[in-house]
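The following exercises train the reading of a protein model, one feature at a time. Please attempt each task before turning to its solution.

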Amino acid sequence: MLGVMLFALFLLFLATGVPLAVALGLSGTAVVAFADLGMLSVPMNVYNSISKYPLLAIPMFILAGVLFERAGIAASMVRFAASIVGPRRGGLAATAIIVAMILGGISGSGPAASSAVGAVMIPQMVRAAYPRGFAAAVVGAGASTDILIPPSIALVIYSMLVPEASVPALFAAGMVPGVLAGLCLIGGSVWLARHHEIGTEREDVRPPFWASLREAIWALMAPVVILGSMRTGLVTPTEAAVLAVFYGLVVGVLVYRTLTPRVLYRVLVEACELSAIILIILALASVFSLASNALGTFDHMARALVASVSSEVGLLLMINLVLLIAGMFIDGISIFFIFLPLFIPIMNYFQWDPVWFGILITINIAIGQFTPPVGLNLVVTARIARTSLESTTYWAVMLSLFMVLLLLLCTFVPQVVLWLPRALGY
């Protein structure tokens, strides 16, 4: 009954418009008090949940992403990607996705990449006769690859919740699915552009390749510096996040010379706000986890779910379906805290590889980032495109189908996810 009370309160708070993080914290605190589990455990749990060393990587990667966004490197990467893609129907859409993938190797944040790429690409796409809804959907979908391509804030959080999966192993495992996700979206966006005759056959003049490469080389080197330093063992993932910030400062101040003191101040304010939002969700969600773990709620639910589904394949498909639906309404970080306590016992029961399972969950979250009605990336890109979320719905759903193909591939062929971390010795 206390477990029912926990979820009933949570749903009641959500229905009355209480923010999700606060709803998690209030419902958990109410059950802790009612069950006499010790109210002092609430503030201690809140503090302990965000005082972990690996979590320092989150505000640092966010700061690095904002630094590169404000430094104006997105424009140089757009010209470089355009020099590769060339002037063809759907070329601007493919360019936007390529740039978003490169930014994924810097910030690991979908909304940050949506803002940086959207500010440069959406006006160009609108001038080339792309529907505003299509332009917003393409950029939002491309930016969703950023939580798969390392470094990824989502994978850092998953590693904190599932200690058996190390951050380096998750980063390596996310690389191939992240690239494949980008290729799926490029293929889907070009097909949609050709099928609906969007844009023109020659959308723009191809920029010179070598000149564009020289201009974008500093931005392209960022993922190499960040990931290479981790692979060689010179830095930990947390230290790599600090290295990313330092690299962004050097490039923005000394190379591009766009990070003035006034801009740096705004960068710090924005990074603090975004970091605070994520850490507040982490802190308050831990109270919900405290109550559910004390009651054994998710263990009972996991056993009931395993007993009700006869096959392992059927259970995997059910988990994917639940996550896809949840991703349409809930942000990715909250999905980890709401559903992982239920899925971890199932993962242990079937002895699934925790790295592989983490990538599956992250792919589902990536799809949710650009799927209406609450796709965070779409919220950002629709605002930039000055259009409604409704106008993006058809295009976003069509692009999500291409990502679902990748999800099914990674579900039934685990080696797509696991071969790289195993080859690297993780």
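**Exercise 1. A covered helix**

Task: How many of the 9 residues of helix H9 (residues 153-161) are buried?

Solution. Begin with the conventions. This is a predicted model, in which local features need pLDDT of at least 70 and side-chain atom pairs count only at pLDDT 80 or more, while totals for chains, interfaces and linings use all residues. Residues are numbered from 1 along each chain as its sequence is written, and side-chain values use heavy atoms, with hydrogens and water left out.

Step 1. Fix the terms. Helices (H or I, at least four residues) and strands (E, at least two) are DSSP runs, numbered from the N terminus. Buried means under 20% relative accessible area, exposed means over 50%, and partly exposed lies in between (1.4 Å probe, protein chains only).

Step 2. Apply them to the helix. In H9, 8 of the 9 residues are buried, which leaves the helix mostly covered. The buried residues are Ile 153, Ala 154, Leu 155, Val 156, Ile 157, Tyr 158, Ser 159 and Met 160.

Step 3. Identify the cover. Contact means heavy atoms within 4.5 Å. The cover over the buried residues of H9 includes helix H3 (41-50), helix H4 (57-71), helix H10 (167-195), H13, H16 and H17.

Step 4. Inspect the N-terminal end. A polar contact is a pair of N or O atoms within 3.5 Å; within protein, one must be able to donate a hydrogen and the other to accept it, and residues adjacent in sequence count only if both atoms are side-chain atoms. Ser 152 caps this end of H9, with a side-chain oxygen 3.3 Å from the backbone nitrogen of Ala 154.

**Exercise 2. Two serines in helices**

Task: Which backbone oxygen does the side chain of Ser 275 reach, and which does that of Ser 400 reach?

Solution. Step 1. Locate Ser 275. Ser 275 belongs to helix H13 (residues 261-295) and counts as buried because its relative accessibility is 6%. The side chain of Ser 275 reaches the backbone oxygen of Ala 271 at 2.8 Å. Leaving aside residues up to four places away in sequence, Ser 275 touches Pro 59 and Ile 62.

Step 2. Turn to Ser 400, in helix H19 (residues 393-412). Ser 400 counts as buried because its relative accessibility is 8%. Its side chain reaches the backbone oxygen of Val 397 at 2.6 Å. With residues up to four places away in sequence set aside, Ser 400 touches Ile 367, Phe 370 and Thr 371.

**Exercise 3. A salt bridge**

Task: With which residue does Arg 422 form a salt bridge?

Solution. Step 1. A salt bridge is a side-chain nitrogen of Lys or Arg within 4 Å of a carboxyl oxygen of Asp or Glu. The structure holds 1 salt bridge.

Step 2. The partner of Arg 422 is Asp 353, and the closest N and O atoms are 3.9 Å apart. Arg 422 lies in helix H20 (residues 415-423) and Asp 353 in the loop between helix H16 (332-350) and helix H17 (354-369), so the pair ties together parts that are 69 residues apart in sequence.

Step 3. Check accessibility. Arg 422 is partly exposed, at 48%, and Asp 353 is partly exposed, at 26%.

**Exercise 4. Cysteines**

Task: Why does the sulfur of Cys 410 form no bond with the closest cysteine sulfur?

Solution. Step 1. A disulfide is a pair of cysteine sulfur atoms within 2.5 Å. A search of the whole structure finds 0 disulfides.

Step 2. The closest cysteine sulfur to that of Cys 410 belongs to Cys 184; no bond forms because the distance of 8.9 Å is too far.

Step 3. Compare the surroundings. Cys 410 is buried, with a relative accessible area of 0%, whereas Cys 272 is exposed, at 53%.

**Exercise 5. Unusual backbone angles in loops**

Task: What is the sign of phi at Glu 197, and where does Glu 197 lie?

Solution. Step 1. Although Glu 197 is not a glycine, its phi is positive, at about 55 degrees. Glu 197 lies in the loop between H10 and H11 and is exposed, at 62% relative accessibility.

Step 2. Arg 257, also not a glycine, has a positive phi of about 55 degrees. Arg 257 is found in the loop between H12 and H13 and is exposed, with a relative accessible area of 67%.
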